[in-house]
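Subject: A structure for you, with notes

Hi there,

Here is the structure I promised to pass on. Have a look at it first, and then read on for my notes.

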Amino acid sequence: MSNMAAGPSKVRPGSSQPSESSKRKRGMFQKDLQHMMYGFGDDANPLPETVALVEDIVVEYVTEMASLVHKAQDIASKRGKLLTEDFLFLIRKDLPKLNRCTELLSMNEELKQARKAFEVDEEKLASTD
């Protein structure tokens with residue numbers, strides 16, 4: 001009896017292994033994703049196919065990020081400390097991710113500076129009263 005009798009398994013393009021999504025329970029995040037999709041402008045009751053597609057994309061992304069974190073952790077274990085540069089090194093060939101990360105890191109730095117300036121101004125106001 002062949003595998004086809006049991007139903008086709010999902011196989012990633014270029015891979016002979018079943019995808020992670022075929023091993024998990026589908027629809028697990030359906031309600032949460034529906035609410036998130038609605039919050040981002042979709043219909044209150046989106047099509048089930050759309051929710052399933054978004055769920056597949058999210059699960060694949062989170063799985064990829066978990067793998068990236070494990071790789072960064074392996075690199076960092078040699079020196080004993082996990083650094084931002086470990087992640088940047090691992091995504092250096094994925095330009096959209098690298099650009100987004102550097103943009104977010106830059107924005108984070110700007111927010112830190114703004115908070116610091118706000119705290120200094122607030123302390124000056126408190127000390128003059």
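Below I go through the overall fold, the long-range pairs, one buried acidic residue and the largest pocket.

Please keep in mind that this is a predicted model.

**The fold**

The protein chain has 5 helices and 0 strands, so the pattern along the sequence reads α-α-α-α-α. Of its 129 residues, 14% are buried. If you take the contacts with a separation of 6 or more, 27% of them are between residues 24 or more positions apart.

**Helix α3**

Is the length of α3 what its residue count would lead you to expect? Put another way, what span should its 30 residues have? At 1.5 Å a residue the figure is 44 Å, and the end C-alpha atoms are 43 Å apart, which agrees. The buried residues of this helix are Val51, Glu55, Asp56, Val59, Leu68, Ala72 and Ala76. Several of these names come back below.

**From the α1–α2 loop and α2 across to α3**

Three residues are worth clicking on here. Gly27 sits in the loop that runs between α1 (20–23) and α2. Its relative accessible area is 30%, so Gly27 is partly exposed. Along the sequence Gly27 is 24 residues from Val51, and in space their C-alpha atoms are 8.4 Å apart. Val51 is one of the buried residues of α3.

Phe29 belongs to that loop between α1 and α2 as well. With a relative accessibility of 36%, Phe29 also falls in the partly exposed class. Which residues does Phe29 touch, once those up to four places away in sequence are set aside? They are Glu55 and Val59, and both are listed among the buried residues of α3. The C-alpha atoms of Phe29 and Val54 are separated by 9.8 Å, with their positions 25 residues apart along the chain.

Gln30 takes us into helix α2, which covers residues 30–39. Gln30 is partly exposed, at a relative accessible area of 34%. Val54 turns up here again: Gln30 and Val54 are 24 residues apart in sequence, and their C-alpha atoms are 9.2 Å apart in space.

**Asp86**

Next, a charged residue in helix α4, namely Asp86. Is Asp86 buried or exposed? Its relative accessible area is 6%, so Asp86 counts as buried. The side chain of Asp86 makes a polar contact of 2.4 Å with the side chain of Arg79. Leaving out neighbours within four places in sequence, Asp86 is in contact with Ala72, Ile75, Ala76, Arg79 and Lys81. Of these partners, Ala72 and Ala76 are among the buried residues of α3.

**The largest pocket**

Finally, the largest pocket holds about 250 Å³ of space. It is lined by 13 residues, and those closest to its centre are Tyr61, Met65, Ile91, Lys97 and Cys101. Which helices supply at least two residues each to the lining? They are α3 (48–77), α4 (84–90) and α5 (95–128). The biggest share comes from α5, with 5 residues. Sorted by class, the lining has 10 nonpolar, 1 polar and 2 charged residues.

If you open the model with one view in mind, I would start from α3: its residues contribute to the pocket lining, and its buried residues include partners of Phe29 and of Asp86.

Happy browsing, and do write back with any questions.

Best wishes

Technical notes
Residues are numbered from 1 along each chain as its sequence is written. This is a predicted model: local features need pLDDT of at least 70, side-chain atom pairs count only at pLDDT 80 or more; totals for chains, interfaces and linings use all residues. Side-chain values use heavy atoms; hydrogens and water are left out. On a 1 Å grid over the protein atoms alone, a cavity is a set of points where a 1.4 Å probe fits but cannot get out, and a pocket is an open set with protein on both sides within 12 Å along at least five of seven lines; lining residues have an atom within 4 Å of a point. Grid points are joined across faces, edges and corners, and a volume is the space filled by probe spheres set on the points. Helices (H or I, at least four residues) and strands (E, at least two) are DSSP runs, numbered from the N terminus. Buried means under 20% relative accessible area, exposed over 50%, partly exposed in between (1.4 Å probe, protein chains only). A polar contact is a pair of N or O atoms within 3.5 Å; within protein, one must be able to donate a hydrogen and the other to accept it, and residues adjacent in sequence count only if both atoms are side-chain atoms. Contact means heavy atoms within 4.5 Å. The expected span of a helix is 1.5 Å times one less than its number of residues.
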